[in-house]
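Me: Hey, I've just opened this one and I'm new to it. Can you walk me through the main contacts?

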Number of protein chains: 2
Amino acid sequence: MNDSNKEAIEDKINYLRTMCKLKGMRVTPQRIEIYKQVANSCEHPDAETVYEAVKHKMPNVSVDTVYRTLASLEDLDMIFRVDNQLPRARFDADKRPHNHFICIKCNEVYDIFFDKDEEIKIPGNAEKFGEVKDINIQIRGICNKCLQEQKNKQN
Amino acid sequence: MNDSNKEAIEDKINYLRTMCKLKGMRVTPQRIEIYKQVANSCEHPDAETVYEAVKHKMPNVSVDTVYRTLASLEDLDMIFRVDNQLPRARFDADKRPHNHFICIKCNEVYDIFFDKDEEIKIPGNAEKFGEVKDINIQIRGICNKCLQEQKNKQN
DNA sequence: TCCTTATTAAGAATGGTTACTATTTAAGTA
DNA sequence: TACTTAAATAGTAACCATTCTTAATAAGGA
């Protein structure tokens, strides 16, 4: 990790501290470490992956703490769940508006950032159902890596 | 249910028969009944709901059969899962392209049909990740019913 | 009808997630 | 800095949606 990344993550953790205080939540080392793991990863990790990573620095951390903390971070809008049809929840700390390409073979999640002129508009009749909080687009398919593997098998 | 609906559902079941034969799958009464339940419902039922409904007609049906059959119907593209962040999978037999408004309070799923001039286009850079199979849009929010209940509580 | 084999019922097992309880700890206060 | 106390944690057990296992059944082709 380079210096600008280190700076960026420090900023994020300071923001986490602020948000915790604002909501009357304590700033615990577990919370910081768990948030760091999600924020530093670009692979949209599941709870198990976060748990394993945190264990390296905090061997006594419990599974329950990881799940509980991921839920708190979600409440703070610091992270959110990636919609998927898999048994495990996946988490994302990137707050920039974006969407996901999910590979149906290997379950990898790729970020899709729209061009400026492609901004998603709320479908005309969506608001008649209620108050819209969040729009989420998933694109499911087979990723290039898996397509290549399929080709290699055929030959 | 009126006559045209009865006709429509018969057509769908005939299509199910055809698809089963095509794929070398047997046409069992359980498959027909389970499919009927999903196809006749507009509430995007979960497996438990389907199980309870089917039990009225087939008291001996097992939970396992329901799950296995829902998975087979998915393989046949007769039904599909609604993306959600809830512990239970929800199913939909409506093959017309549409999307969903999911209430974060009561978990109800509402169908959203786009106007013709609002057709969803694949984001420009999505295809660079691989072969796109399916695009899915969820809109999460609070439905009118729950908004009304909130208002009533406040007064 | 018979035969082959997929499907079924019933219940046990699995696995991701959540709950429980005793203990520890963050952070406000003197 | 020590005290106080509510909140958070570790460790473990429980939960619950879903899937697996086994023996029995039944569909559909020959």
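**Around the DNA**

Reply: Sure, let's start with DNA strand C. Among its atoms within 4 Å of the protein, 70% are sugar or phosphate atoms, and the rest belong to bases. Keep in mind that this is a predicted model.

Me: OK, which residues are closest to DNA strand C?

Reply: There are 18 residues around DNA strand C, and the closest are A:Val27, A:Tyr67, A:Arg88, B:Arg31 and B:Thr65.

Me: What does the side chain of A:Arg88 do there?

Reply: An N or O atom in the A:Arg88 side chain sits 2.6 Å from a phosphate oxygen of DNA strand C. A backbone N or O atom of B:Ser62 is also 3.2 Å from a phosphate oxygen of that strand.

Me: And which polar side-chain atom lies by a base oxygen of DNA strand C?

Reply: One belonging to B:Arg26, at 3.2 Å from the base oxygen.

Me: Which elements supply the surface near DNA strand C?

Reply: At least two residues each come from α4 of chain A, and from α2 (29–40) and α4 of chain B. α4(B) gives the most, with three residues. By class, that surface has six nonpolar, five polar and seven charged residues.

Me: Now DNA strand D. Which residues come nearest?

Reply: A:Arg26, A:Thr28, A:Thr65, B:Asp64 and B:Tyr67, out of 19 residues around DNA strand D. For the atoms of DNA strand D within 4 Å of the protein, 69% belong to sugar or phosphate and the rest to bases.

Me: What are the polar atoms doing on that strand?

Reply: A polar side-chain atom of A:Asp64 is 3.4 Å from a base oxygen of DNA strand D. B:Val27 uses its backbone instead: an N or O atom there lies 3.1 Å from a phosphate oxygen. For B:Pro87, a polar backbone atom is 3.4 Å from a sugar or linking oxygen. As for elements, those giving two or more residues to the surface near DNA strand D are α2 (29–40) and α4 (63–75) of chain A, together with α4 (63–75) of chain B.

Me: Which one gives the most?

Reply: α4(A), with three residues. The class split near DNA strand D is seven nonpolar, five polar and seven charged residues.

Me: Switching topic: how many residues do chains A and B put into their contact?

Reply: Chain B puts in 37 residues and chain A 36. About 3100 Å² is buried between the two chains, 52% of it on carbon and sulfur atoms.

Me: How many salt bridges are there across it?

Reply: Four. One pairs A:Arg140 with B:Asp134, whose closest N and O atoms are 3.8 Å apart. There are also 20 residue pairs in polar contact between the chains, both residues at pLDDT 80 or more. On the side of chain B that touches chain A, β1 (80–82), β4 (109–112), β5 (130–143) and α5 (144–154) of chain B each give two or more residues. β5(B) gives the most, with 14 residues.

Me: How do the two β5 strands pair, parallel or antiparallel?

Reply: β5 of chain A and β5(B) pair in the antiparallel sense, over 13 bridges. For instance, A:Gly130 has B:Cys143 as its bridge partner.

Me: Last thing, what do β3 and β4 of chain A form?

Reply: A hairpin, with five residues between the two strands. They pair in the antiparallel sense over four bridges, and A:His100 stands opposite A:Asp111. In the turn, A:Asn107 has a positive phi of about 65 degrees.

How values were computed:
Residues are numbered from 1 along each chain as its sequence is written. Chains are lettered from A and ligands numbered from 1 in the order in which they are written. Side-chain values use heavy atoms; hydrogens and water are left out. A residue is near a molecule or strand if one of its heavy atoms lies within 4 Å of it. A polar contact is a pair of N or O atoms within 3.5 Å; within protein, one must be able to donate a hydrogen and the other to accept it, and residues adjacent in sequence count only if both atoms are side-chain atoms. Ala, Val, Leu, Ile, Met, Phe, Trp, Tyr, Cys and Pro count as nonpolar, Asp, Glu, Lys and Arg as charged, and the others, Gly among them, as polar. Contact means heavy atoms within 4.5 Å. Buried area is the accessible area (1.4 Å probe) that two parts lose on being put together, summed over both. A salt bridge is a side-chain nitrogen of Lys or Arg within 4 Å of a carboxyl oxygen of Asp or Glu. Two strands pair if DSSP finds at least two bridges between them.
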